[in-house]
Amino acid sequence: MIRPSPLLNVMASAVRKAARGLARDFGEVAEIKVARKGPADFVSAADHRAEQILFDELSKARPGYGFLMEERGAIDGTDKTHQWIVDPLDGTLNFLHGIGHFAISVGLKRDGEIVAGIVYDVAKDELFYAERGHGAYLNDKRLRVAQRQRLDDCVYATGAPFAGRPGHERFHAELAAITPKVAGVRRFGSAALDLAWVAAGRYDGYWERGIKAWDMAAGIVLVREAGGFVRDPDGAASPLDSGAILAGSEWSANQLQLLVGQS
């Protein structure tokens, strides 16, 4: 194991501090005040508290860095080369239903490239972290993407567009093209953890459309540092720009892209 850098230590400290509040709120989920933000999309007091802690801690540790945050949006900093990309609670719907599959996700973009990321599974106490050029880890274990090379052995993850969002027909067409060829498809409701699990080799690959930069920023560097590949499913722009992503080992990502293209 490579000792985490000062940057990763800063990120981990902020994430763990925010996680304490989420863990407490998760234990009292029935008591949380919830405001409807859109169809089947909720924002809770827990989101805002966690985001405030992350903003305060990261600002104190790295003054001047900008932010892109799920609830607050873009916040310019005096340092134009660095931007934190933060999702304080990825998997909010799981959280609000008492399902212990949600995460805090923090990525750092430097000069337009994601260079570090942390995804913390609060309920399971699993800290996934990576820094460009230094590998990806789960707690103290080095991660590598899965190397299966038979589709009927592979398990893929995805995310489905929910009520009020476009893209249902395309999603169902892609699902119909992929499902008969693979061992299984999972939809667990947290893009950040889907990518972390690809990095850990639990999933062979993952694809989704219509997600935001804060859903995937940390996961992108995790997968790449675990030896995987991340791209737009249509081979076009960067996933951070297009809002569509596909990830896996080189073989798995290529196979998945072929299947998506057949839908």
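## Close-up views of a predicted protein chain

**View 1. Asp125, in the loop between strands E7 and E8.** With a relative accessibility of 42%, Asp125 counts as partly exposed, since that class lies between the limits of under 20% for buried and over 50% for exposed. The model shown here and in every following view is predicted. Asp125 is found in the loop that leads from E7 to strand E8 (126-131), and its phi is near 55°, a positive value in a residue other than glycine.

**View 2. Asn139, in the loop between strands E9 and E10.** Asn139 has its place in the loop between strand E9 (136-138) and E10, and its phi, like that in the preceding view, is a positive value in a residue other than glycine, near 55°. The relative accessible area of Asn139 is 34%, so this residue is partly exposed.

**View 3. The open sheet of eight strands.** The strands of this open sheet follow the order E4-E3-E5-E6-E7-E8-E9-E10, and their pairing is mixed. Strand E4 (73-75) and strand E10 (141-142) form the edges, each of them pairing on one side only. Within the sheet, strand E6 (residues 103-110) and strand E7 (residues 113-121) pair in the antiparallel sense over eight bridges, and one of the facing pairs is Arg110 with its bridge partner Glu113 in E7.

**View 4. Ser105 and Gly107, two buried residues of strand E6.** Ser105 lies in strand E6, and Gly107 has its place in strand E6 as well. Ser105 has a relative accessibility of 1% and therefore counts as buried, and Gly107, at 0%, is buried too. When neighbours within four places in sequence are left aside, Ser105 is in contact with Ile85, Val86, Asp87, Ile118, Val119, Ala192, Trp214 and Ala218. With neighbours within four places again left aside, the contacts of Gly107 are Met11, Gln83, Trp84, Ile85, Ala116, Gly117 and Ala218. Ile85 and Ala218 thus appear in both lists, being contacts of Ser105 and of Gly107. Gly107 and Val86 are 21 residues apart in sequence, and their C-alpha atoms are 6.5 Å apart in space.

**View 5. Gly219, a buried glycine of helix H6.** Gly219 lies in helix H6 (residues 213-225), and because its relative accessibility is 0%, Gly219 counts as buried. Beyond its neighbours within four places in sequence, Gly219 is in contact with Val119 and Leu195; Val119 is also among the contacts of Ser105 in the preceding view. Gly219 and Phe128 are 91 residues apart in sequence, with a C-alpha to C-alpha distance of 8.9 Å.

**View 6. Strand E15 and its antiparallel partners.** All the residues of strand E15 (residues 244-248), five of five, are buried, so this strand is largely enclosed by the rest of the structure. Both of its faces are covered, with Ala244, Leu246 and Gly248 buried on one side and Ile245 and Ala247 buried on the other. Strand E13 (residues 205-209) runs antiparallel to E15 and is joined to it by five bridges, whereas strand E14 (residues 229-231), also antiparallel to E15, is joined to it by three. Leu246 in E15 has a residue opposite it in each of these partners, namely Trp207 and Arg231.

**View 7. Glu51, a buried acidic residue of helix H2.** Glu51 is found in helix H2 (residues 45-61), and with a relative accessible area of 1% this residue is buried. Apart from its neighbours within four places in sequence, Glu51 is in contact with Met69, Glu70, Glu71, Arg72 and Pro88.

**View 8. The whole chain, as a setting for the close-ups.** The secondary structure of the protein chain comes to eight helices and 15 strands, and the C-alpha trace spans about 50 × 40 × 30 Å along its principal axes. For 263 residues a compact globule would have a radius of gyration near 18 Å, and the 17 Å of this chain agrees with that expectation. Buried residues make up 51% of the 263 residues, and, of the contacts with a separation of 6 or more, 62% are between residues 24 or more positions apart. The chain exposes about 11600 Å², of which carbon and sulfur atoms supply 50%. The mean positions of its 32 positive and 34 negative charges are 2 Å apart.

Conventions: Residues are numbered from 1 along each chain as its sequence is written. This is a predicted model: local features need pLDDT of at least 70, side-chain atom pairs count only at pLDDT 80 or more; totals for chains, interfaces and linings use all residues. Side-chain values use heavy atoms; hydrogens and water are left out. Helices (H or I, at least four residues) and strands (E, at least two) are DSSP runs, numbered from the N terminus. The radius of gyration is taken over C-alpha atoms; the globule rule is 2.2 Å times the number of residues to the power 0.38. Buried means under 20% relative accessible area, exposed over 50%, partly exposed in between (1.4 Å probe, protein chains only). Contact means heavy atoms within 4.5 Å. Accessible areas come from the Shrake-Rupley method with a 1.4 Å probe; for residues, only the protein chains shown count as cover. Lys and Arg count as positive and Asp and Glu as negative; His and the chain ends are not counted. The place of a charge is taken as NZ of Lys, CZ of Arg, CG of Asp or CD of Glu. Two strands pair if DSSP finds at least two bridges between them.
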